[in-house]
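Here are a few short exercises to work through with the structure open beside you. Try each task before reading its solution.

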Amino acid sequence: MPANANSIILHQYDVSPFSEKVRVVLGIKGLEWYACDEPVIMPKPELVALTGGYRKIPVMQIGADIYCDTQIIIRELERRFPSPSVFVGGDKGLGWGVGIWTDRSIFMNTVTVVFGGMADGANELANEAFRKDREALTGRPFDANAMKMGAPMMAEQLRAQLDWVESQLADGRPFIMGERPGIADASVYYNLAFIRWVYSAGLKVLDGLSRVEAWEKRVTAIGHGTRHEMSRNEALDIALHAVSPELTHRDPHEPNGIQPGDRVTVMADDYGRDPIQGELVSSSAQHVAIRRSDPRVGDVVVHFPRTGFFVMKS
C-alpha cells in the first residue's frame with residue numbers, strides 16, 4: 001500500500017541507537033511504518049526542511065506533523081495506537097523517568113564503552129568526518145584517547161546499572177515491568193543493541209548478568225513491526241500536500257506565560273542545541289508544538305517534549 005498522510009514515517013538510520021528504541025516500540029505495538037533513511041552526519045537538507053534545524057535522529061513524520069525526540073515520538077504513538085500499551089506495570093509516569101535515565105546516564109556510559117573500546121580500530125562511525133560532525137553536535141572535542149582511558153571506568157558504571165535490571169528480573173518476570181514488554185524494555189535495550197552492532201566486545205559488561213542476557217534475546221525477538229522503505233523526497237512530498245490537524249490550545253498553567261501565536265524558539269538542553277523557531281500552536285506540561293514553513297514542505301507543525309528542551313519567546 002502506498003504511503004499517505006496517515007502513515008508513520010521514521011526518519012532514521014539502521015545503526016542509530018535512539019531509532020532502535022522507537023523501532024522496538026513499533027514492534028511492541030505491531031505497527032506498519034516507513035523507514036526514511038537519513039545520513040549519519042550532516043548535511044541533512046531534507047530533515048532540516050521538515051524540522052527547521054533539529055538534526056538529531058530519529059524524527060517521526062505523520063503527514064505535516066513532525067515529532068522530534070524519542071520521548072514525543074513514543075507519546076504520540078501511544079496516543080494514536082493505545083493498544084497494546086507501552087505502559088504495562090503501573091509505570092505510566094515512571095516509564096518516562098526510566099527513559100531519561102537510559103537516555104542520559106546509561107547512554108553516556110555506553111558511548112564511552114563503544115568509542116573508547118574501538119579507538120584503535122577502523123569503523124565508519126569513528127572516521128574523521130564522523131568525529132568532526134559529533135564535535136559540532138556536542139560542542140565538545142571528540143577525543144578518542146580520552147574515551148579509551150575512560151572506557152574501563154564507564155564499563156564499571158554500565159555494569160552497575162545493568163545489575164539493577166538483573167535484580168528487577170530476579171523474580172522470573174520475562175520483561176522489566178512484568179509479563180509484557182513496554183517502554184522500560186525499549187529504553188534499556190537499545191543501549192545493548194548499539195554495543196552489539198558497533199563494538200560487540202563491550203558486551204563483556206554482561207558477564208554474570210544471565211537474566212539480562214536472556215531478557216535481551218526476548219526483546220530482540222519482538223521485532224520492529226512491519227517495515228517499508230521510503231525515499232526522503234517521497235516523505236517531503238507527503239508533508240507538502242498534507243495539513244496538520246493540531247488544534248490551537250492555550251495552557252493556563254504555562255510557567256512563563258507563552259501562548260498560541262507567540263513566536264518561540266525551541267532547543268535541546270543537552271546537545272544538538274540547534275534553535276528551531278516558529279509560532280506556538282499548543283503546549284502542555286509534556287509537549288510544545290510550533291508551526292513553521294519551508295518552501296519544500298509548506299506549513300508543518302513541529303512537536304517537542306518539554307523535558308529535555310527549552311522554550312523561549314523569540
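The model is a predicted one, and its secondary structure comes to 9 helices and 10 strands.

**Exercise 1. Find out whether the radius of gyration of the protein agrees with that of a compact globule.**

Solution. Begin with the chain length, which is 314 residues. For that length, a compact globule would have a radius of gyration near 20 Å. The protein has 19 Å, so the value agrees with the expectation. To add to the picture, the C-alpha atoms fill a box of roughly 55 × 45 × 45 Å along the principal axes. Of the 314 residues, 54% count as buried. Finally, take the contacts between residues at least 6 apart in sequence: 71% of these join residues at least 24 apart.

**Exercise 2. Describe the surface and the charges of the protein.**

Solution. The exposed area is about 13900 Å², and carbon and sulfur atoms supply 53% of it. Next, count the charged side chains: there are 34 positive and 40 negative ones. The centres of these two sets lie 2 Å apart.

**Exercise 3. Work out how the buried residues of helix H5 are arranged around its axis.**

Solution. First locate H5, which spans residues 128–138, and pick out its buried residues: Phe 130, Asp 133, Arg 134 and Leu 137. Now look down the axis of H5: these buried residues fall within an arc of 95 degrees, so they line one face of the helix. Then ask what they pack against; the partner is helix H4 (94–117). To finish, step past the end of H5 to Gly 139, which follows the helix and has a positive phi, near 75 degrees.

**Exercise 4. Locate two cis peptide bonds that lead into prolines.**

Solution. One of them joins Ile 57 and Pro 58, with omega about 5 degrees. Pro 58 sits in the loop between helix H2 (45–51) and strand S3 (59–62). The other runs from Ser 83 to Pro 84, where omega is near -5 degrees. Pro 84 belongs to the loop between helix H3 (70–80) and H4.

**Exercise 5. Decide whether Asp 69 is buried or exposed, and describe its backbone.**

Solution. Start with the place: Asp 69 lies in the loop between strand S4 (65–68) and H3. Its phi is positive, about 100 degrees, although the residue is not a glycine. For burial, the cut-off is under 20% relative accessible area. Asp 69 has 18% relative accessibility and therefore counts as buried.

Notes: Residues numbered from 1 in each chain as written. Predicted model: local features only at pLDDT ≥ 70, side-chain atom pairs only at ≥ 80, totals over all residues. Heavy atoms only, no water. Helix = DSSP H or I, 4+ residues; strand = E, 2+ residues; numbered from the N terminus. Rg over C-alpha atoms; globule rule 2.2 N^0.38 Å. Buried < 20%, exposed > 50% of the residue type's maximum accessible area, 1.4 Å probe, protein only. Contact = heavy atoms within 4.5 Å. Areas by Shrake-Rupley, 256 points an atom, 1.4 Å probe, with all protein chains shown as cover. Lys, Arg positive; Asp, Glu negative; His and termini not counted. Charge placed at Lys NZ, Arg CZ, Asp CG, Glu CD. Arc of directions from axis to C-beta.
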